[in-house]
Amino acid sequence: MRTVRRSALIDRPIPEPSALPRRAPLPAHHPEPVLDVVVPVYNEENDLEPCVRRLHAHLGETFPYAFRITIADNASTDATPRIAARLAAELPGTDWIRLAEKGRGRALHTAWSHSRAPVLAYLDVDLSTDLAALLPLVAPLISGHSDIAIGTRLARGSQVVRGPKREIISRCYNGLLRSTLAVGFSDAQCGFKAVRRDVAERLLPLVEDREWFFDTELLVIAERAGLRIHEVPVDWVDDPDSRVHILSTALADLRGMARLGRALAGGRLPLTGLRRSGGDLDGELPAGLARQAVRFAAVGAASTLCYLLLYTLLRPAAGAQTANALALLASAIANTAANRRLTFGVRGRDGALRHQLKGLAAFVVGLTLTSGSLAVLHHTAPGAGHRVELATLIAANLAATLLRFLLFRAWVFPARRTTGSVSP
């Protein structure tokens with residue numbers, strides 16, 4: 001048993017670290033435990049033993065590497081410490097630490113900071129998530145494919161059993177994250193996550209929260225730094241005896257979002273040191289802003305030609321404003337579909353409707369600019385010819401295109417992520 005006191009948790013000044021090395025697979029014969037699964041607990045005398053024994057048996061039967069299970073006791077006041085000590089003595093590869101203060105994030109921060117395993121994971125003691133997803137969760141980290149892996153209950157393929165209240169709260173929370181912090185991952189709250197240790201060593205000093213917002217903050221910082229997040233659909237059954245206080249947790253999460261948003265907007269987080277040296281290229285997908293801008297411009301040029309052709313064909317019969325709206329709508333739908341695949345590398349049908357709806361919102365911006373420019377032209381120069389109309393529309397479309405690119409990058413397709421069996 002290791003007792004960790006407050007002095008070990010004092011935040012240190014955050015220097016600007018060097019870039020992370022390129023990912024590499026772990027060797028087939030690793031001398032030390034490859035995986036350290038942390039089980040954070042507070043007053044869990046009823047669930048702790050069956051959880052750890054079941055987890056230990058599952059890993060022993062299915063995991064091909066050496067592993068460790070770490071019970072992280074958050075200052076429990078019941079029999080949890082005695083049960084943890086007995087389990088650590090009986091089960092090979094099982095350890096436990098005791099913290100003097102509560103906090104799920106504090107327990108994970110401490111356990112992960114002290115572990116030397118190359119892959120770090122955690123799961124909730126109630127085992128709401130089916131353990132069959134554990135190997136798919138950590139495999140991309142062991143192989144060197146991804147930096148972080150998360151279980152998701154909100155993807156196609158997930159099997160979830162829970163009441164409508166928690167379902168609504170979860171979807172509202174993740175929707176709020178997408179709208180305020182423009183995240184790309186689907187489920188921030190599922191208690192089933194893993195991270196490579198070299199990434200954790202860079203991320204943990206940047207994560208301030210020590211409670212329930214810890215997971216979200218870690219994921220948002222990782223995604224903003226361009227790290228690869230792998231998602232695994234999980235089978236999940238709600239625990240009716242959950243100890244989470246919904247109202248206080250929700251308020252704390254809102255405060256955490258506001259704090260993290262201010263830090264990101266103010267550039268106070270040293271994200272450069274989290275990027276991989278040499279970059280990560282997924283075949284033909286763009287690696288960053290420059291390549292996305294080039295591909296967006298190419299798609300934009302093609303869609304502009306399509307728009308002008310449609311406008312020219314529709315103008316005699318429909319009039320200037322109607323022809324502009326119809327041509328812009330058709331080209332906007334085609335533009336969103338092309339950018340989804342070619343510029344931002346999103347494949348599959350999942351999310352296509354949502355992306356098109358957001359793309360149509362960007363279309364409204366373009367319609368306002370172009371229609372407004374036509375209205376101004378017709379008001380100031382009623383006798384303007386067709387060529388003047390086209391020149392005006394081209395100038396307005398250039399402005400609308402720039403704004404649409406920014407909206408696409410920050411809102412419609414906010415981040416490139418990697419999923420398991422889930423199509424982006």
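**Figure 1. A salt bridge joins the side chains of Glu 49 and Arg 86, with 3.0 Å from N to O.** Glu 49 belongs to helix α1 (residues 48–62) and Arg 86 to helix α2 (residues 80–90), so the contact ties together parts that are 37 residues apart in sequence. The coordinates shown here and in the other views come from a predicted model. Glu 49 has a relative accessible area of 22% and is therefore partly exposed. Arg 86 is also partly exposed, at 33% relative accessibility.

**Figure 2. Glu 211 and Arg 106 form a salt bridge whose closest N and O atoms are 4.0 Å apart.** The pair links distant parts of the chain, 105 residues apart: Glu 211 sits in the loop between α6 (197–203) and α7 (214–224), and Arg 106 sits in helix α3 (residues 104–114). With a relative accessible area of 37%, Glu 211 is partly exposed. Arg 106, at 13% relative accessibility, counts as buried, because the limit for buried is under 20%.

**Figure 3. Glu 49, Arg 53, Arg 86 and Glu 90 are joined into one network by salt bridges that share partners.** Two of these residues, Glu 49 and Arg 86, make the salt bridge of Figure 1.

**Figure 4. Asp 147 and Arg 23 meet through their side chains in a salt bridge of 2.7 Å, N to O.** Asp 147 is in the loop between α4 (134–142) and β6 (148–152), while Arg 23 is in the loop between β1 (2–4) and β2 (35–41), so the pair ties together parts that are 124 residues apart in sequence. Both Asp 147 and Arg 23 are buried. The model has a count of 20 salt bridges.

**Figure 5. Aromatic pairs in the model number seven.** In the pair of Phe 63 and Tyr 65, the ring centres are 5.8 Å apart and the planes stand at 50°, so the pair is tilted. The tilted class applies because 50° is neither under 30 degrees, as for stacked rings, nor over 60, as for edge-to-face ones. Phe 63 counts as buried, at 8% relative accessibility. Elsewhere, ring pairs link Phe 296, Phe 405, Phe 408 and Phe 413 into a cluster.

**Figure 6. Lys 102 and Arg 153 each lie over the face of an aromatic ring.** Lys 102 is placed over Tyr 42, at 4.3 Å from the ring centre. For Arg 153 the ring is that of Trp 236, and the distance from the ring centre is 4.8 Å.

Definitions and conventions
Residues numbered from 1 in each chain as written. Predicted model: local features only at pLDDT ≥ 70, side-chain atom pairs only at ≥ 80, totals over all residues. Heavy atoms only, no water. Helix = DSSP H or I, 4+ residues; strand = E, 2+ residues; numbered from the N terminus. Buried < 20%, exposed > 50% of the residue type's maximum accessible area, 1.4 Å probe, protein only. Phe/Tyr/Trp six-rings, centres within 6.5 Å; stacked < 30°, edge-to-face > 60°. Lys NZ or Arg CZ within 6 Å of the ring centre and 35° of its normal.
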